[in-house]
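Reader: I should like to understand how the terms used for a protein model are justified. Would you show me the structure and then explain the reasoning step by step?

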Amino acid sequence: MSEKKRFTEIDALRGIAAIIVVLYHYIILYDEKFGHIKENYIEIFSFGHYGVQLFFIISGFVIYMSVLKVRSTSDFLTKRAIRLYPTYIFAIIVTFAVVGISSLGTLKTGAADMLVNLTMFQDFFGFKNVDGVYWSLRVELTFYLLMAILLIFKLERKVMIFTGLWLLVSAAIQLTNGVMDTEMTSLLEKFSMSNYCQMFIIGIMFYYIWQHGNHLKYTLMILAAVVYDFSFEGFTNGMFTLFFIGVFYLILNDKMQWLKSDTLVYLGALSFPLYLIHQNIGYIIIHKLESMGYMHEVFLIIPIGISLILAHLILHYVEKPSHNVLFKLYKDRRSALPNMSR
């Protein structure tokens, strides 16, 4: 079966997830960290953090699609680095500078933290994130490294064996931590991404359903991931996972045409820079607005608007130009080495 083209609906869904996370941070998490001055602030987005889990499902879908297209492990890792690091590094520099001149001392990080953040491995080495949202990059990086291992051993097409073993090993890690509850088992649970493996597995299964049809084995693996989610992450987590699964089934059956809206698709293009730039800078803007007496929720349009403008500028003046240059350089280098091996 030939490879199908990428879904624009998936890109739009990523944009919607990004906006939900932004609203959660500005309404709920800001209140937990600093406290909105206005009482009875709206709480409709108290479940907005589940938007990150939707990101992970989308990542499982999109990244596995990439894994099956690349020539080698180095090809996969290089392309991931080109797509992520220019935008990420620029977001770090801007966020570090803005937070540095702000009055919110709890958001500030040291120069050493900032420098280690540039590697994207700060969470692995125990350094503070320049922006709170960067914790999820550790999960994504772990997933990429796992995909690289599959490519090294040429196991990327053994998808049912791989995902089944991944789920079983993750369950063993979670059970071990639940019984022993030591610092070592807690760290193993954290850095093995066992809390989120089910999301990536669901995304991978949906990719295979999209490409090869809704075979029973893919549905059973999704069901196993849902059982895992309810068992280890709780009822609410599981219900949101079921909701996201329903959305994906509707998309795959061409029942969500409205997601093809140019606005939503463009929002999807903005999602990565928006996600990276919005949190701490948004907190600073909200804190300043409220100190000036602008406390009503309607004024959230200001940090949201500024974050969207920043994301737009980063997309067009950092992300796209850097991708064009770096991918061209990589393509030229790869053309000179036609027999690159794994």
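Author: Let us begin with a definition: buried means under 20% relative accessible area, exposed means over 50%, and partly exposed lies in between. Please keep in mind that this is a predicted model.

Reader: What makes aspartate 332 count as buried, exposed or partly exposed?

Author: Aspartate 332 has a relative accessibility of 41%. Partly exposed is the class between 20% and 50%, so aspartate 332 counts as partly exposed.

Reader: Aspartate 332 meets lysine 328 in a salt bridge. Why is lysine 328 called exposed?

Author: Exposed requires over 50%. Lysine 328 has a relative accessible area of 52%, and therefore it is exposed.

Reader: What makes the pair of aspartate 332 and lysine 328 a salt bridge?

Author: Side chains of opposite charge can pair when their charged atoms come close. The definition asks for a side-chain nitrogen of Lys or Arg within 4 Å of a carboxyl oxygen of Asp or Glu. For aspartate 332 and lysine 328 the N to O distance is 3.2 Å, so the pair satisfies the definition of a salt bridge. Both residues lie in helix H14, four residues apart, which is about one turn of the helix.

Reader: How many salt bridges does a search of the whole structure find?

Author: The search finds seven salt bridges. Another of them is formed by the side chains of aspartate 75 and arginine 334, at 3.1 Å from N to O. This pair links distant parts of the chain, since aspartate 75 is in helix H3 (residues 73-100) and arginine 334 is in helix H14, 259 residues apart. Both aspartate 75 and arginine 334 are buried. In addition, Asp75, Lys79 and Arg334 are linked in a network of salt bridges.

Reader: Why is the pair of aspartate 123 and arginine 138 said to tie together parts of the sequence?

Author: The side chains of aspartate 123 and arginine 138 meet in a salt bridge of 3.2 Å, N to O. Aspartate 123 lies in helix H5 (residues 122-125) and arginine 138 in helix H6 (residues 135-152), so the pair ties together parts that are 15 residues apart in sequence.

Reader: How do you know whether aspartate 123 is buried or exposed, and how is arginine 138 classed?

Author: The limit for buried is under 20%. Aspartate 123 has a relative accessible area of 14% and is therefore buried. Arginine 138, at 9% relative accessibility, counts as buried because of this limit as well. Arginine 138 touches Asp123, Phe124, Lys190 and Phe191, not counting residues up to four places away in sequence.

Reader: Why is the angle between H1 and H14 called oblique?

Author: Two packed helices are described by the angle between their axes and the distance between the axes. Helix H1 (residues 8-33) and helix H14 (residues 301-336) pack at an angle of about 135°, with their axes 11 Å apart. Roughly antiparallel requires over 145 degrees, and roughly perpendicular covers 65 to 115; H1 and H14 are therefore oblique to each other. The contact is made by Ile19, Val22, Leu23 and Tyr26 of H1 and Pro303, Ile304, Ser307 and Leu308 of H14. By class, seven of these residues are nonpolar, one is polar and none is charged.

Reader: What makes H7 and H9 roughly antiparallel?

Author: The axes of H7 and H9 cross at roughly 165° and come within 10 Å. Angles over 145 degrees count as roughly antiparallel, so H7 and H9 are roughly antiparallel to each other. H7 passes H9 in a left-handed crossing. The residues of this contact divide into 11 nonpolar, three polar and no charged.

Reader: What makes the phi of lysine 154 notable?

Author: Most residues other than glycine have a negative phi. Lysine 154 has a positive phi of about 55° although it is not a glycine. Lysine 154 is found in the loop between H6 and helix H7 (159-180). At 59%, its relative accessible area makes lysine 154 exposed.

Reader: Why is methionine 193 called buried?

Author: Buried means under 20%, and methionine 193 has a relative accessible area of 2%, so methionine 193 is buried. Methionine 193 also has a positive phi of about 55° and lies in the loop between helix H8 (183-191) and helix H9 (197-212).

Definitions and conventions
Residues numbered from 1 in each chain as written. Predicted model: local features only at pLDDT ≥ 70, side-chain atom pairs only at ≥ 80, totals over all residues. Heavy atoms only, no water. Axes fitted to C-alpha atoms, helices over the stretch in contact; angles between N-to-C directions. Helix = DSSP H or I, 4+ residues; strand = E, 2+ residues; numbered from the N terminus. Parallel < 35°, antiparallel > 145°, perpendicular 65-115°, else oblique. Contact = heavy atoms within 4.5 Å. Nonpolar A, V, L, I, M, F, W, Y, C, P; charged D, E, K, R; others polar. Buried < 20%, exposed > 50% of the residue type's maximum accessible area, 1.4 Å probe, protein only. Left-handed = near helix turned anticlockwise from the far one by under 90°.
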